[in-house]
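Here is a walk through the packing, the empty spaces and a few backbone oddities of one chain. Have the viewer open as you read.

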Amino acid sequence: MSQDEPAFDVILPRPRGFCAGVERAVQIVELALEQLHPPIYVRREIVHNRAVVERFRARGVVFVDSLDEVPAQAVCVFSAHGVAPDVRAAADARGLQVIDATCPLVTKVHVEVLRHARAGDTILLIGHEGHDEVIGTMGHARDQVRLVGDVHAALTVEVPDPQRVAYVTQTTLSVDETAGIVRALRGRFPAIEGPKTADICYATQNRQDAVKALVLEEGIELLLVVGSENSSNSQRLVEVAQSLGARGQLVDAASDVDPAWLRGVRRVGLTAGASAPEDLVQGVAARLAALGGRLSERELIPEDVTFPLPPQLAPARNRSGG
């Protein structure tokens, strides 16, 4: 940006970045490295963020797509997205030392699926095909789960008994988009049963609500979301901004910021998906400041959720004063 071009405002909302489930998953791998020593194997990406994965890989974490790649009796961490029961059975058969980093909110969805499956219901899973969380959730009742990815699918999905239907959702979806799908399902299946409390993660909702406040109350014209391409919740933040008339851009790091995006823009929002670490946000903030941005923060939604660590790691952490 040229020196004669006026400065622009950059607003960083709170909350942003790591949620409690991601914080817990990252802590689990950190503690496994400290207490059990590398190599530590992790099935799939521990969280969907390129920088987090590469930093762990440099410290001796081996990320695998299949348990067949893990030596027998080795330490294997299940990612925050959860796994199907057959994955757990395969780990037991190989004698793996399993540490489960599944987010408790994902586990809640798994419990709902099992409850409805035992009751003989057809379960409609609102989610994105191929996402690690969706694959794990569907694996809990493969014969009874139908994936519903959008309103069109909600209007065309077939079930054996319209009186025995339930729905659950992927935890990282757009609140507004999911509401439209649920409305369509309720219109077709009046007897459908939903979760007693929303499946969409509190952090996903809080970050989306914060983006809405940035656009509607702070008047931002451009939203930069720090997050990786395969991060569902980060992609949804971009979509929320775009749905309200702002431009949205996903960036992995400061080097991704294109100064051309800032031409003619007076107010910029800078947030992060629930799997993006704060140091990446600060890197992007510094880049924007170098381009003429005036930084400020807004505390929009209080957030103080924490989740306990697995028992095989928590005692040692407590002894160390963590």
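The buried residues of α8 pack against β1 (8-14), α7 (175-188), β9 (222-226), α9 (232-243) and β11 (267-272). Keep in mind that this is a predicted model. Which residues of α8 are buried? They are A203, T204, N206, R207, Q208, A210, V211, A213, L214 and V215. To read that list, it helps to recall that residues three or four places apart in an α-helix point the same way, because there are 3.6 residues a turn.

The length of α8 is easy to check too. The helix covers residues 202-216, and at 1.5 Å a residue its 15 residues should span 21 Å. The end C-alpha atoms are 21 Å apart, so the model agrees with the expected value.

**The chain as a whole**

Zooming out, the chain has eleven helices and twelve strands. Its radius of gyration is 21 Å, and the globule rule gives 20 Å for 322 residues, so the chain is as compact as a globular protein of that length. Along the principal axes, the C-alpha atoms fill a box of roughly 65 × 55 × 30 Å. Buried residues make up 52% of the 322 residues. As for contacts between residues at least 6 apart in sequence, 76% of them join residues at least 24 apart.

**Empty space**

Now for the holes. Rolling a probe the size of a water molecule over the atoms shows where empty space is left. The structure holds two cavities of 30 Å³ or more. Here they are beside the two largest pockets:

| Space | Volume | Lining by class |
|---|---|---|
| Largest cavity | about 230 Å³ | nine nonpolar, eleven polar, one charged |
| Second largest cavity | about 40 Å³ | four nonpolar, four polar, one charged |
| Largest pocket | about 230 Å³ | seven nonpolar, two polar, four charged |
| Second largest pocket | about 170 Å³ | seven nonpolar, three polar, one charged |

Which residues lie nearest the centre of the largest cavity? Those are V22, H81, T171, T172 and N233, out of a lining of 21 residues. The elements that give two or more residues to this lining are α1 (20-36), α4 (104-118) and α9. You have met α9 already, as one of the elements that the buried residues of α8 pack against.

The second largest cavity is lined by I126, G127, H128, V148, G149, L173, E177, T178 and I181. Helix α7 gives the most here, with three residues.

On to the pockets. The largest pocket has 13 lining residues, and C19, A20, E23, V305 and T306 lie nearest its centre. Its largest share, four residues, comes from α1, a helix that also gives two or more residues to the lining of the largest cavity.

The lining of the second largest pocket is made of Y167, T169, V175, T178, A179, V182, P195, A198, D199, I200 and Q205. The elements that give two or more residues to it are β8 (165-169) and α7, and the largest share, four residues, comes from α7. T178 is worth a click: it is in the lining of the second largest cavity and in that of the second largest pocket.

While you are on α7, take a look at G180, which sits in that helix. Is G180 buried or exposed? G180 is buried, because its relative accessible area is 16% and the cut-off for buried is under 20%. G180 and A51 are 129 residues apart in sequence, and their C-alpha atoms are 34 Å apart in space.

**Backbone oddities**

Finally, some peptide geometry to check before you do anything with the model. A cis peptide bond joins R14 and P15, with omega about 10°. P15 is in the loop between β1 and α1. Another cis peptide bond joins P38 and P39, where omega is about 0°, and P39 belongs to the loop between α1 and β2 (40-43).

That loop between α1 and β2 also holds H37. Phi of H37 is near 70°, a positive value in a residue other than glycine. Where does Q73 lie? Q73 is in the loop between β3 (61-64) and β4 (75-78), and its phi is likewise positive, near 70°.

Key. Residues numbered from 1 in each chain as written. Predicted model: local features only at pLDDT ≥ 70, side-chain atom pairs only at ≥ 80, totals over all residues. Heavy atoms only, no water. Expected span 1.5 Å × (residues − 1). Buried < 20%, exposed > 50% of the residue type's maximum accessible area, 1.4 Å probe, protein only. Contact = heavy atoms within 4.5 Å. 1 Å grid on protein atoms, 1.4 Å probe; cavity = no way out; pocket = protein on both sides within 12 Å on 5 of 7 lines; lining within 4 Å. Points joined across faces, edges and corners; volume = space filled by probe spheres on them. Nonpolar A, V, L, I, M, F, W, Y, C, P; charged D, E, K, R; others polar. Rg over C-alpha atoms; globule rule 2.2 N^0.38 Å.
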